[in-house]
Amino acid sequence: MMKTIALLGFLLTVSLAAVAQVEPAATGPSRPSGTFIYSLRDSQIVWWSSYLGDQQANAVSGSLQYESGKARSPLAVNYGGGYTFILTGSNFGSGYFQNFTASKGFSGRKWRLRINDGIAYQPQSPTFGFPGVPGTGEPIAPPPPTGPPNETVLTENTHAINNVTSASFRFPINFALSFSADGSLGILRYPDGNGYGSTAYAGSGGLSYRLNNRTSITGSFVESKYTYAGSISTFETTGVVGSINHTFSKGFTGLFSIGPDFVSSQNTQNFPASTNLFLSAGMNYHKRFDSFGVTYYHGDNSGSGVFYGATYNSLGANYSRTIEKQTTVSATFGYQENSGLVVGSGSSSGIFAGVSAARRLGKLFSIATSYTATEQTASSQLPTNVLNGLLQGVSVSFGYSPRGIKGIEK
């Protein structure tokens with residue numbers, strides 16, 4: 001447990017360092033800036049499953065959100081976390097859960113730089129809800145986006161530390177043409193020793209051309225490398241990706257990317273050379289009271305602690321609507337499919353879905369209820385912590401959630 005806390009603390013320190021010290025200390029009076037929102041929740045959850053058994057649990061959680069409100073150097077920080085107590089029944093999903101994300105932007109006369117970091121500690125694969133744990137009383141929504149997912153195999157009783165740091169740089173060459181460079185580092189560790197710890201490095205560079213006010217195209221060269229803690233297994237992927245970004249109307253955007261993905265390794269016995277396809281597509285719509293989003297990925301990843309590398313499909317969709325400023329209803333659906341890159345290593349295929357409703361009770365309190373379901377089919381040779389059945393749950397949550405504080409000092 002001490003090793004877990006030490007590693008989590010180290011990664012959180014790295015995360016904070018990525019966004020800290022971004023401005024010199026103020027030497028004079030400063031104007032108020034930013035918005036701060038927080039909430040506290042207590043949730044009663046009932047789970048039932050012929051595979052894992054039934055359970056009653058209580059989850060105490062909280063969330064914090066801060067946005068600086070600065071157009072040229074925006075800063076956004078989000079945290080959600082808590083503890084799940086098991087009251088009766090099976091012991092899956094118990095313990096701490098944490099999710100912290102931070103994003104900081106920098107800009108010059110022409111160039112723009114953005115640094116993002118997300119670190120999570122969860123007792124299962126993230127599905128939905130801000131901390132990634134269903135039933136905690138958080139609004140049902142996808143986990144914070146950090147690029148293509150790296151935990152695509154659904155697991156239970158599998159505490160994982162997942163840290164992804166990324167940076168993106170943009171520099172316009174002229175009115176229509178611009179240069180871009182991106183890099184990321186992903187660290188996935190399993191403190192209980194029930195998963196393959198992995199490290200993923202990725203970098204890309206390319207050119208974007210603006211066709212008109214609504215459409216732009218991009219060509220990129222992408223290189224990735226995956227290594228595993230305590231193992232000599234290593235493989236690389238090289239790809240050339242073409243993308244198109246289009247704005248259909250105000251608040252309605254779409255992005256589509258496709259290209260070949262070449263897999264190589266010095267260990268050709270475990271990782272035979274192959275050519276796969278990288279494909280991603282996404283659409284987002286937001287208009288006052290309604291929000292809708294859908295994302296799809298097909299590609300290679302580290303294997304989610306279950307495989308030494310995997311080819312995966314990931315589909316997610318979410319919808320939310322605000323009614324009379326007091327009530328929010330939402331729904332989420334996800335699909336994950338995995339096939340190990342090592343011949344004979346197995347496969348998995350799973351879905352998760354949820355619906356929720358939340359209502360404010362005056363200025364300070366709220367009540368929410370949700371239903372979630374997760375089901376996965378896995379090959380017999382996969383570890384027992386991989387979900388291989390249907391799990392359903394119902395939760396009722398009570399929250400203390402002020403509307404927010406504006407004008408936070410810099």
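**Charges, a nonpolar patch and two salt bridges**

Hello everyone, let's start at the surface: Arg288, Lys325, Lys363 and Arg403 gather there in a patch of positive charge. For such patches, residues have over 30% relative accessible area and no salt bridge, with like charges joined within 9 Å and nonpolar side chains (Val, Leu, Ile, Met, Phe, Trp, Tyr) within 5 Å. This is a predicted model, where local features need pLDDT of at least 70 and side-chain atom pairs count only at pLDDT 80 or more, while totals for chains, interfaces and linings use all residues. Residues are numbered from 1 along each chain as its sequence is written, and side-chain values use heavy atoms, leaving out hydrogens and water.

Take Lys363, which sits in the loop between strand E16 (347-361) and strand E17 (365-378). Lys363 is exposed, at a relative accessible area of 68%; here buried means under 20%, exposed over 50%, and partly exposed in between (1.4 Å probe, protein chains only).

There is a nonpolar patch too, about 580 Å², with Leu277 and Phe256 among its residues. Leu277 belongs to strand E12 (residues 274-287) and is partly exposed at 37%.

Now, how many salt bridges are there? The count is 2, taking a side-chain nitrogen of Lys or Arg within 4 Å of a carboxyl oxygen of Asp or Glu. In one, Asp182 meets Arg170 at 3.4 Å, N to O. That pair links strand E7 (residues 177-189), home of Asp182, with strand E6 (residues 156-172), home of Arg170.

Asp290 and Arg321 also form a salt bridge, at 2.6 Å, N to O. These two are 31 residues apart, in strands E13 and E14 respectively. Asp290 is buried at 16%, whereas Arg321 is partly exposed at 34%.

Definitions and conventions: Areas by Shrake-Rupley, 256 points an atom, 1.4 Å probe, with all protein chains shown as cover. Lys, Arg positive; Asp, Glu negative; His and termini not counted. Charge placed at Lys NZ, Arg CZ, Asp CG, Glu CD. Helix = DSSP H or I, 4+ residues; strand = E, 2+ residues; numbered from the N terminus.
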